[in-house]
Amino acid sequence: MSATAKLEQWLREAAAMGTPSVVVRGSATAEPILDNENGFLCEDTTESLAGVIRRALLNPENTRRVGESARKTIYLSWDEIAGRAVERYAALIEKFHTKKA
């Protein structure tokens, strides 16, 4: 498993528990994050990370809201993951058969 895949798994596991993540703006892991909606984005500096964490701790109601939104928008159940895989395989099989014909 690649490092990016591990981070994406970590992000989804946190979301499953209603825990918002803090990720670096512009990184691959940040793709599903809408800042202050379903997670928090920071710049790639210690100061920016500390500021985001400070704001999250000082506003626990907002942090809970963001975590709940993460659970609803980022988390994928294993059934959803399997369903998406089946859809992708079906599309590839169809594409293969179309090229053959």
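# Notebook: salt bridges, cores and surface

I began with the charged side chains, and a search of the whole structure, which is a predicted model, gave me 4 salt bridges.

**Entry 1, a bridge between loops.** I looked up Glu43 and found that it pairs with Arg25, the closest N and O atoms lying 2.7 Å apart. Glu43 sits in the loop between β2 and α2 while Arg25 sits in the loop between β1 and β2, so this salt bridge ties together parts that are 18 residues apart in sequence. I then checked how open the two residues are: Glu43 is partly exposed at 42% relative accessible area, and Arg25 is partly exposed at 41%. Following the charges further, I noted that Asp35 joins Arg25 and Glu43 in a network of salt bridges.

**Entry 2, bridges along helix α3.** Which residue meets the side chain of Arg64 in a salt bridge? I found Glu61 there, with a distance of 2.8 Å from N to O. Because they are 3 residues apart in helix α3, which covers residues 60–73, Arg64 and Glu61 are separated by about one helical turn. Both Arg64 and Glu61 are exposed. I also looked up Arg71, which forms a salt bridge with Glu68, their closest N and O atoms being 2.5 Å apart. Arg71 and Glu68 again lie in helix α3, 3 residues apart, or about one turn of the helix. Here I recorded partly exposed residues, with Arg71 at 36% relative accessible area and Glu68 at 31%.

**Entry 3, the nonpolar cores.** Turning to the interior, I listed the largest nonpolar core, which has 8 residues: Leu11, Ala15, Val23, Ala30, Ile33, Leu41, Ala70 and Ile74. Apart from that core lies another, of 5 residues, including Phe40, Cys42, Val52 and Ala56. I chose Leu11 for a closer look and, leaving aside residues up to four places away in sequence, found that it touches Ser21, Val23, Thr29, Pro32, Ile33 and Ile74.

**Entry 4, Thr29.** Since Thr29 appeared among the contacts of Leu11, I looked up where it lies, and that is the loop between β1 (22–24) and β2 (40–42). Is Thr29 buried or exposed? I noted that Thr29 has a relative accessible area of 8%, and it therefore counts as buried, the limit being under 20%. Beyond residues up to four places away in sequence, Thr29 touches Leu7, Trp10, Leu11 and Val23.

**Entry 5, Asn36 and its backbone.** In the loop between β1 and β2 I also found Asn36, which has a positive phi of about 65° although it is not a glycine. Asn36 is partly exposed, with a relative accessible area of 31%.

**Entry 6, nonpolar side chains at the surface.** I next looked for nonpolar surface and found a patch of about 280 Å², made by Leu49, Ile53 and Leu57. Leu57 belongs to helix α2, which covers residues 46–58, and at 66% relative accessibility Leu57 is over the 50% limit, so it counts as exposed.

**Entry 7, along helix α4.** Last, I looked up Phe96, which lies in helix α4, covering residues 78–100. At 48% relative accessibility, Phe96 counts as partly exposed. How many Å apart in space are Phe96 and Ala85, C-alpha to C-alpha? I noted 16 Å for this pair, whose members are 11 residues apart in sequence.

Notes: Residues are numbered from 1 along each chain as its sequence is written. This is a predicted model: local features need pLDDT of at least 70, side-chain atom pairs count only at pLDDT 80 or more; totals for chains, interfaces and linings use all residues. Side-chain values use heavy atoms; hydrogens and water are left out. A nonpolar core is a set of buried Ala, Val, Leu, Ile, Met, Phe, Trp, Tyr and Cys residues joined through side-chain atoms within 4.5 Å. Buried means under 20% relative accessible area, exposed over 50%, partly exposed in between (1.4 Å probe, protein chains only). Contact means heavy atoms within 4.5 Å. Helices (H or I, at least four residues) and strands (E, at least two) are DSSP runs, numbered from the N terminus. Patches are made of residues with over 30% relative accessible area and no salt bridge: like charges are joined within 9 Å, nonpolar side chains (Val, Leu, Ile, Met, Phe, Trp, Tyr) within 5 Å. Accessible areas come from the Shrake-Rupley method with a 1.4 Å probe; for residues, only the protein chains shown count as cover.
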